[in-house]
Structures are given as structure tokens and as C-alpha cells.
Amino acid sequence: MTDFSYDLVVIGSGPAGEGAAMNAVKQGWRVAVIDERHQAGGSCTHLGTIPSKALRQSVRRMMQYNTMPMFRAVGEPKWFSFPEVMKAAESVITKQVEGRTKGYARNRVQTHIGRASFVNPHEVSVTSRDGKVLSVAGKHFLLATGSSPYRPDDIDFSHSAIFDSDSILGLDSTPRNILLSMVPEL
Ligand SMILES: Cc1cc2nc3c(=O)[nH]c(=O)nc-3n(C[C@H](O)[C@H](O)[C@H](O)COP(=O)(O)OP(=O)(O)OC[C@H]3O[C@@H](n4cnc5c(N)ncnc54)[C@H](O)[C@@H]3O)c2cc1C
């Protein structure tokens with residue numbers, strides 16, 4: 001168990017955690033960011049904003065190519081499978097992760113990988129996937145742990161055709177139709 005000590009410990013490396021960490025380090029604070037993911041960026045980069053917008057952009061380009069008469073001069077319409085479109089999105093995610101990781105290094109923000117849980121008001125234990133535990137202490141803590149998709153009890157998410165916004169990214173086929181269900185405001 002290694003001990004680290006900081007002025008600010010941020011839990012979560014999404015946009016909220018990153019913004020707070022960069023602001024604090026510019027005030028001269030010693031800052032650490034903890035995330036359970038091996039790669040920086042939070043759910044925003046890996047599951048939410050970035051993959052969804054990268055997918056939308058790829059599909060838009062494909063639709064433009066397929067529907068603009070000008071492109072018919074160079075070839076017939078082309079269709080990509082969902083996994084192929086997802087691969088294009090992965091390259092955007094990789095670039096985002098690289099940029100964020102460099103940003104932390106350049107600004108001397110220490111990153112720790114693992115799931116953080118409070119031991120006392122000034123200390124968290126950080127458990128990595130291989131079970132290693134380290135202790136991180138801080139004067140201040142900022143919780144930027146984001147959110148996860150709501151799964152109502154009456155919907156069977158173990159069904160092979162039912163996904164939430166996280167699990168849909170692992171779809172290994174191309175659905176012909178999609179029925180979108182939004183949960184009404186709680
Ligand atoms: C499909 C989809 C599309 C979206 N599109 C947009 C969009 O176009 N524009 C927009 O503005 N917003 C969009 N959003 C919302 C946006 O993704 C979120 O608002 C944003 O990710 C919130 O950022 P955050 O920093 O609060 O947390 P997150 O990005 O959720 O990051 C939190 C991080 O904390 C980690 N974490 C949680 N608990 C612990 C713990 N105990 N120990 C260590 N790490 C922990 C998580 O693993 C995660 O990596 C979209 C969301 C979804 C799902």
C-alpha cells in the first residue's frame with residue numbers, strides 16, 4: 001500500500017473532473033485524479049458524448065455519399081455494418097484519450113487507476129482490477145463520478161435485443177430497425 005498526499009483529489013476523469021483538476025493545478029495545488037478506467041476521459045469519452053457523436057458523423061457522411069447525385073459518378077451507394085462504423089468511432093476515442101492523457105502529464109496532475117472508496121474524510125482506498133489497493137490522501141476531494149444508464153426493473157436487459165446507451169456500443173451486428181424508448185422524467 002503506497003501513500004500519496006495531495007491538496008485536491010478528484011474522483012472521475014470525465015469533463016467535470018478534468019476541468020476541476022486543471023483549474024486547481026493552475027492555482028498551484030497538488031492534484032490527483034482517480035478513475036477506475038485505464039484510459040482517461042470518463043464515460044463522456046468512452047460511452048457518451050464522443051462515441052455517439054463520432055458514430056453520428058460517420059453515418060452522416062455515409063448518407064451524404066449515398067444520397068448525393070454527384071457521388072453516383074464515382075460509384076454505387078455503399079453500406080457499412082454497425083461494427084465497422086463503431087471502429088471508425090474508436091479512432092476518435094483513441095485521439096481523445098491521447099490528448100487528455102498528455103494534458104494531465106503536461107500539467108503534472110497525477111493519475112491513479114482504480115475504484116476509489118472513502119476510508120475516512122481525508123483518505124480513499126483505490127482498488128485496481130488486479131486487486132491491488134493503494135491509499136490516496138487529500139485535503140479536499142471532488143466527486144465527479146458521473147452517471148450510468150437507468151435500468152427500470154420492468155425491462156429485461158438480459159434480453160439479446162434490449163440495450164442501454166452503454167451496452168449498445170458493443171452491438172456486433174447491424175439492426176434493421178430500432179425502437180427507442182426514453183424513460184419519462186422522474
Ligand atoms: C449516449 C450519450 C450521449 C451524450 N451526448 C452528449 C452531448 O452530445 N453533449 C453533452 O454535452 N453531453 C452529452 N452526454 C452527457 C455527457 O456524456 C455527460 O454529461 C458527461 O459524461 C458527464 O461528465 P462527468 O465528468 O460528470 O462524468 P463522466 O464522464 O460520467 O465520468 C465519470 C468517471 O468517473 C468514474 N468513476 C465513477 N465512480 C468512480 C469511483 N468510485 N472510483 C473511480 N472512478 C469512478 C467513471 O468510471 C467515469 O470514468 C451524453 C451522454 C450519453 C450517455
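Here's a quick tour of a ligand site and a surface patch in this structure. Keep in mind that the model is predicted. The ligand has 23 residues around it, and the protein buries 67% of the 1,000 Å² that the ligand exposes when taken alone. Away from that topic, we'll also look at a nonpolar patch that includes W79.

**Who surrounds the ligand**

- Among the 23 residues around the ligand, the ones that come nearest are D35, E36, R37, K53 and A116.
- Sorted by class, the shell has twelve polar, six nonpolar and five charged residues.

**Polar contacts with the ligand**

- E36 uses its side chain: a polar atom there sits 2.7 Å from an oxygen atom of the ligand.
- D35 has a side-chain N or O atom that is 2.9 Å from a ligand oxygen.
- With S43, it's the backbone that takes part, and one of its polar atoms is 3.2 Å from an oxygen atom of the ligand.
- If you want to find the shell by its elements, look at helix 1 (15-26), helix 2 (42-46), helix 3 (49-67) and strand 4 (115-120), which each give two or more residues to it.

**The nonpolar surface patch**

- Three residues, V59, M63 and W79, make up a nonpolar patch on the surface.
- Together they have about 310 Å² of accessible area.
- You'll find W79 in the loop between helix 3 and helix 4 (82-106).
- Is W79 buried or exposed? W79 counts as exposed because its relative accessibility is 60%, and the cut-off for exposed is over 50%.

Methods:
Residues are numbered from 1 along each chain as its sequence is written. This is a predicted model: local features need pLDDT of at least 70, side-chain atom pairs count only at pLDDT 80 or more; totals for chains, interfaces and linings use all residues. Side-chain values use heavy atoms; hydrogens and water are left out. A residue is near a molecule or strand if one of its heavy atoms lies within 4 Å of it. A polar contact is a pair of N or O atoms within 3.5 Å; within protein, one must be able to donate a hydrogen and the other to accept it, and residues adjacent in sequence count only if both atoms are side-chain atoms. Accessible areas come from the Shrake-Rupley method with a 1.4 Å probe; for residues, only the protein chains shown count as cover. Helices (H or I, at least four residues) and strands (E, at least two) are DSSP runs, numbered from the N terminus. Ala, Val, Leu, Ile, Met, Phe, Trp, Tyr, Cys and Pro count as nonpolar, Asp, Glu, Lys and Arg as charged, and the others, Gly among them, as polar. Patches are made of residues with over 30% relative accessible area and no salt bridge: like charges are joined within 9 Å, nonpolar side chains (Val, Leu, Ile, Met, Phe, Trp, Tyr) within 5 Å. A salt bridge is a side-chain nitrogen of Lys or Arg within 4 Å of a carboxyl oxygen of Asp or Glu. Buried means under 20% relative accessible area, exposed over 50%, partly exposed in between (1.4 Å probe, protein chains only).
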